[in-house]
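The following exercises concern the chain shown below. Each task is followed by a solution worked step by step.

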Amino acid sequence: TAADLSELMAVRAACPDLPLFVGSGVNPENAAQYLAHCDGLIVGSYLKQEGHWTNPLDEQRIKKLLAVM
């Protein structure tokens, strides 16, 4: 499940000096929005083949995510 952008913004406003990372549901469609309000992203299953954490890494998914960052 993707992190809620409004919650992310509220946490950033409440703790502007602390490092803030998003680690849930990061994908090419939301990565840029998240990065506008946090310090980094933790990406896991999106980078795997078919988006499942037990599968091998998917080079095309990796390239797609990096292209929007």
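**Exercise 1. Determine how many aromatic pairs the chain has, and examine the ring of Tyr 46.**

Solution. The model is a predicted one. Step one: ring centres must lie within 6.5 Å to pair, and by this rule the count is zero aromatic pairs. Step two: a charge is sought over the ring, with CZ of Arg required within 6 Å of the ring centre. The charged end of Arg 61 sits over the ring of Tyr 46, at 4.7 Å from the centre.

**Exercise 2. State which residues make up the largest nonpolar core, and place Leu 8 within it.**

Solution. Step one: the core holds 11 residues in all, among them Leu 8, Tyr 46 and Leu 65. Step two: set aside the neighbours of Leu 8 within four places in sequence; Leu 8 is then in contact with Leu 20, Val 22, Tyr 34, His 37 and Cys 38. Step three: Leu 20, Val 22, Tyr 34 and Cys 38 also belong to the core. In soluble globular proteins, nonpolar side chains tend to be buried together.

**Exercise 3. Describe the chain as a whole: its elements, extent and surface.**

Solution. Step one: three helices and two strands are present, arranged along the sequence as α-β-α-β-α. Step two: along the principal axes, the C-alpha atoms fill a box of roughly 40 × 20 × 15 Å. Step three: of the 69 residues, 25% are buried, while the chain exposes about 4700 Å², 57% of it supplied by carbon and sulfur atoms. Step four: among contacts with a separation of 6 or more, 29% join residues 24 or more positions apart.

Technical notes
Residues numbered from 1 in each chain as written. Predicted model: local features only at pLDDT ≥ 70, side-chain atom pairs only at ≥ 80, totals over all residues. Heavy atoms only, no water. Core = buried A, V, L, I, M, F, W, Y, C linked by side-chain atoms within 4.5 Å. Buried < 20%, exposed > 50% of the residue type's maximum accessible area, 1.4 Å probe, protein only. Contact = heavy atoms within 4.5 Å. Phe/Tyr/Trp six-rings, centres within 6.5 Å; stacked < 30°, edge-to-face > 60°. Lys NZ or Arg CZ within 6 Å of the ring centre and 35° of its normal. Helix = DSSP H or I, 4+ residues; strand = E, 2+ residues; numbered from the N terminus. Areas by Shrake-Rupley, 256 points an atom, 1.4 Å probe, with all protein chains shown as cover.
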